[in-house]
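Got the viewer open? Set it to cartoon, keep side chains ready to switch on, and follow along.

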Amino acid sequence: MNKAELPLKLLKEHFGYDTFRGNQQDIIKRTLEGYDSLVIMPTGAGKSICYQLPALILKGTVIVVSPLIALMQDQVAALTTAGIAAAALHSNQNDVTTKEILNDFKDGALQLLYVSPEKAVGKYFQEQIVLQKISLIAIDEAHCVSVWGNDFRPEYTELVHLINKSNVPHIALTAT
C-alpha cells in the first residue's frame, strides 16, 4: 500500500467511512506533510477526523485542546472503542486519574491526548510537553481564541506558549 492510500484505509478501518467528506482529505494531506491549517467547516462536517486520522499515522501524541469536557469524553470513548489510544485531561478528574493519564502520556502510550485550555497552559503540562514526542497540536473550537477568549476562556489566548514550545504542525478548527 502506498502512502496516499493509507489515510483512506485507516478511515474505513477505524471510523467506518468509505470516503472522505468535503475537504477532509486535503486537510489531512497538508497535516501529514507538516503544514499548519485553519479549518472552518460546518457543524457535523467531520472536523475531528482531520486530526484524529493523522494521529494514527504520525509518530508521537496528538495534543487536542478542547474547551468542552463532554465533547472530550465522547470523543475519547468513541476512539477507544475503535481501538485508538486516547485520553482526556480536565478539571473534573481526581489526582489519581490525572496521574495515570500523564504517565501514559509520558510513556508514549497515547495517540491522542485531549486537554482543556486550563490544563494546556498549566506550568506542569508546559514542562511535560517539551519532554514528550508530540506529532501535532490541534486547537478545537478555535473561535474561542478571538471571539470569546478574553471573556469565556482566557486560557485560549495563552495557547501561544504551547505552540511556541513545539516544533510540530498546528491545526485550528472551528465550525461556521
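Here is a short walk through a predicted model, one selection at a time.

Start with strand S1, residues 37-41, and show its side chains. They alternate: Ser37, Val39 and Met41 point to one face and are buried, while Leu38 and Ile40 point to the other and are not. Now add strand S6, residues 170-175; it runs parallel to S1, and 5 bridges join the two. To find your place in the pairing, pick Ser37: its bridge partner in S6 is Ile171.

Next, the aromatics. The whole structure holds 2 aromatic pairs. Select Tyr51 and Tyr114 for an edge-to-face pair, with 6.3 Å centre to centre and 65 degrees between the planes. Tyr51 sits in helix H3 (residues 49-57) and Tyr114 in strand S4 (residues 112-115), so this pair ties together parts 63 residues apart in sequence. Tyr51 is buried at a relative accessible area of 1%, and Tyr114 also counts as buried, at 1%.

Then jump to Phe105 and Phe125. Their ring centres are 5.9 Å apart and the planes sit at 15 degrees, so this pair is stacked. Phe105 belongs to helix H5 (residues 95-106) and Phe125 to helix H7, 20 residues apart. Phe105 is buried, with a relative accessible area of 1%, and Phe125 counts as buried at 4%.

Stay in H7 (residues 123-129) for the last stop, Gln128. Is Gln128 buried or exposed? Buried, with a relative accessible area of 9%. Which residues does Gln128 contact, leaving aside its neighbours within four places in sequence? Show Phe105 and Lys106: Gln128 is in contact with both.

Definitions and conventions: Residues numbered from 1 in each chain as written. Predicted model: local features only at pLDDT ≥ 70, side-chain atom pairs only at ≥ 80, totals over all residues. Heavy atoms only, no water. Helix = DSSP H or I, 4+ residues; strand = E, 2+ residues; numbered from the N terminus. Buried < 20%, exposed > 50% of the residue type's maximum accessible area, 1.4 Å probe, protein only. Contact = heavy atoms within 4.5 Å. Pairing = 2+ DSSP bridges. Phe/Tyr/Trp six-rings, centres within 6.5 Å; stacked < 30°, edge-to-face > 60°.
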